Amino acid sequence: METALRIMTFIVFFMAGIAVLVMFQRFRMPARVRKAEELFNENEILKASEIVKSVLEKHRDYVPARYLRARIYIVQKQFVLAINELNAILQLDEFDRYVNEVDVHYMLADLYNQMQQWQKEVEEYIKILQFNPDDLRANYRVGHAYYRQGKYQQAKEHLEKAVAGDPSLSDCFLPLGISSYELSQYEDAESYLLRAIDNNPNQLDAHYYLGLIYKIKKDYDAAFKMFDNAKREGRFYEKCLLSMGEIYFENGLYDKAVEVLEQGVGRIRSDDESSLKYRYLLAESFEMMNKINEAVYHWEQIAKKNPDYHDVRIKLEDYYRILNNENMKLLFAQSMEELQPLIAELISGLNYNIISKQLIGRDEYYFKAFNVKRINEPPIVIYFHRTTREITENHILEFYKIINKEKCRSGIYITTSKFSLKAKSAASTRLIELLDATYLYKAVEKVKTKIQKK
């Protein structure tokens with residue numbers, strides 16, 4: 001009995017000793033980590049590391065020690081080890097009793113930045129925004145990341161929060177302006193881009209996008225000024241020339257469009273969409289000036305890259321027919337003024353005499369004439385339209401307005417092209433006679449024969 005009592009007494013004291021030892025270790029462990037922290041702050045990195053190592057050998061998941069070890073790795077520029085350590089801490093139970101989770105994500109974001117792992121950096125900032133949606137630094141970094149990825153809506157949302165928090169973040173203005181432009185929010189885009197230029201006049205991206213905005217607003221003087229500035233940057237050179245060419249083309253200044261576009265045609269060699277678009281506009285400009293050979297050359301260059309681009313195949317077929325037909329070629333080789341004698345002969349062949357004529361466009365005239373065989377009939381309007389494009393219903397309706405304006409009952413529409421089915425239907429109900437390229441081919445042949453006999 002006495003022996004048993006002694007054993008029980010020994011066990012109680014032994015267990016109490018262990019408990020005291022454990023309590024001692026628990027109190028001693030934070031003290032040792034605090035000592036390591038002091039050494040770390042005094043730049044005694046090796047001594048601090050030794051203490052942390054000894055603590056973790058006995059308590060491998062002690063968060064304060066692991067967190068300090070991660071910071072030591074950072075100072076030692078062992079970024080991969082630091083990243084692994086911080087991510088491991090986030091997996092431990094109740095880690096947030098010892099460290100602030102947001103601080104850990106900030107550290108990870110900085111480390112991923114150092115490692116140039118941009119996507120992972122952004123993911124950390126996105127996690128930070130879950131804790132604090134208005135965090136300035138997180139919005140700034142996430143906004144720029146979304147901008148680089150072309151996610152303009154998200155980019156604008158985050159960058160606007162960043163600028164609202166710190167208006168001095170001037171490098172946000174350009175991405176905000178371009179993002180707004182891509183979202184068709186042109187007023188915002190103009191405002192941000194002007195602020196970007198105020199901050200740095202050499203931000204030629206801002207000049208280029210402002211040029212596009214002023215082009216949309218039809219403020220062409222301002223647009224040309226911006227494009228002239230932006231084209232100093234090589235990557236904007238052809239884009240600016242294209243936009244300037246489009247302005248001239250839209251305003252019927254085809255010679256100006258050619259002048260501008262030819263400056264950059266030697267630099268477009270690829271088969272991407274922008275290069276094909278550039279050459280196609282140049283070809284169209286030549287077409288509108290009736291420089292067929294030049295237009296065909298550029299359409300042929302497009303066809304070599306992409307024969308199915310827009311209507312290039314049809315364009316070439318139409319113009320090859322013209323170039324291979326001397327009679328039709330004659331109609332396109334001369335200006336409309338030079339063609340007046342020939343047109344007068346064509347109209348005479350229809351038994352009409354011209355009373356008056358009116359220039360409508362570069363390639364369009366209309367004539368008021370009376371029938372020499374039916375003098376008592378009222379005059380009619382004869383429209384001559386030089387084009388390779390199909391004549392549409394709208395063309396006929398516009399011609400009918402001219403007939404009414406001239407107080408005539410009927411008219412004749414002559415074209416070097418052909419008429420759509422709707423155009424033919426519209427003409428049939430309005431007493432309009434249609435004469436297409438097939439008629440002109442034979443009529444010009446007759447006129448040439450008549451001239452030769454004379």
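**Exercise 1. Determine whether T415 is buried or exposed, and find which residues it touches.**

Solution. Begin with the accessible area: in this predicted model, T415 has a relative accessible area of 0%. Since buried means under 20% relative accessible area, T415 counts as buried. Next, place the residue in its element, which is strand β4, covering residues 411-415. Finally, list the neighbours, leaving aside residues up to four places away in sequence: T415 touches H385, T387, I391, L435, D436, A437 and L440.

**Exercise 2. Describe how helices α9 and α11 are placed relative to each other, and which residues make their contact.**

Solution. The first step is to identify the two helices, α9 with residues 173-182 and α11 with residues 204-216, whose axes come within 10 Å and cross at roughly 30°. The second step is to classify that angle: angles under 35 degrees count as roughly parallel, and α9 and α11 are therefore roughly parallel to each other. The third step concerns the hand of the crossing, which is left-handed where α9 passes α11. The fourth step is to name the residues in contact, which are L174, I178, Y181 and E182 on the side of α9, and D205, A206, Y209, L212, I213 and I216 on the side of α11. Sorted by class, this contact of α9 with α11 has 8 nonpolar and 2 charged residues, with no polar ones.

**Exercise 3. Take Y181 and work out its surroundings, its burial and the aromatic cluster that holds it.**

Solution. Start from the location of Y181, which is found in helix α9. Its relative accessible area of 16% means that Y181 is buried. Then turn to its contacts: not counting residues up to four places away in sequence, Y181 touches Y186, A189, Y209, L212, I213 and I216. Now look at the rings, where Y181, Y186, Y208, Y209, F227 and F236 form one aromatic cluster. As a last step, consider a separation through space: the C-alpha atoms of Y181 and L242 are 18 Å from each other, while the two residues are 61 residues apart along the chain.

**Exercise 4. Analyse the packing of α11 against α12, and that of α13 against α14.**

Solution. For the pair of α11 and α12 (residues 220-230), the axes are 8 Å apart and the helices pack at an angle of about 155°. Angles over 145 degrees count as roughly antiparallel, and α11 and α12 are therefore roughly antiparallel to each other. Their crossing is left-handed. From α11 the contact takes L204, H207, Y208, L210, G211, L212, Y214 and K215, and from α12 it takes Y220, A222, A223, M226, F227, N229 and A230. In this contact of α11 with α12, 11 residues are nonpolar, 3 are polar and 1 is charged.

For the pair of α13 and α14 (residues 254-261), the axes come within 7 Å and cross at roughly 170°. By the cut-off already used, α13 and α14 are therefore roughly antiparallel to each other. Here L241, L242, M244, G245, Y248 and F249 of α13 meet Y254, K256, A257, V260 and L261 of α14. The classes in this contact are 9 nonpolar, 1 polar and 1 charged.

**Exercise 5. Locate E238, decide whether it is buried or exposed, and list its contacts.**

Solution. E238 is found in helix α13, which spans residues 234-250. With a relative accessible area of 18%, E238 is buried. Apart from residues up to four places away in sequence, E238 touches G264, R267, I268 and Y278.

**Exercise 6. Count the aromatic pairs, then examine the one formed by Y62 and Y98.**

Solution. Counting ring centres that lie within 6.5 Å of each other, the total is 19 aromatic pairs. One of these is formed by Y62 and Y98, which are 6.0 Å apart centre to centre, with 65° between the planes, an edge-to-face arrangement. The pair links distant parts of the chain, 36 residues apart, because Y62 lies in the loop between α2 (45-58) and α3 (63-75) and Y98 in the loop between α4 (79-90) and α5 (101-114). To finish, compare the accessibility of the two residues: Y62 counts as buried at 14% relative accessibility, whereas Y98 is partly exposed, with a relative accessible area of 41%.

Note on methods. Residues are numbered from 1 along each chain as its sequence is written. This is a predicted model: local features need pLDDT of at least 70, side-chain atom pairs count only at pLDDT 80 or more; totals for chains, interfaces and linings use all residues. Side-chain values use heavy atoms; hydrogens and water are left out. Axes are lines fitted to C-alpha atoms, for helices over the stretch in contact, and angles run from 0 to 180 degrees between N-to-C directions. Helices (H or I, at least four residues) and strands (E, at least two) are DSSP runs, numbered from the N terminus. Angles under 35 degrees count as roughly parallel, over 145 as roughly antiparallel, 65 to 115 as roughly perpendicular and the rest as oblique. A crossing is left-handed if the near helix is turned anticlockwise from the far one by less than a right angle, and right-handed if clockwise. Contact means heavy atoms within 4.5 Å. Ala, Val, Leu, Ile, Met, Phe, Trp, Tyr, Cys and Pro count as nonpolar, Asp, Glu, Lys and Arg as charged, and the others, Gly among them, as polar. Rings of Phe, Tyr and Trp (its six-membered ring) pair if their centres lie within 6.5 Å; planes under 30 degrees apart count as stacked, over 60 as edge-to-face and the rest as tilted. Buried means under 20% relative accessible area, exposed over 50%, partly exposed in between (1.4 Å probe, protein chains only).
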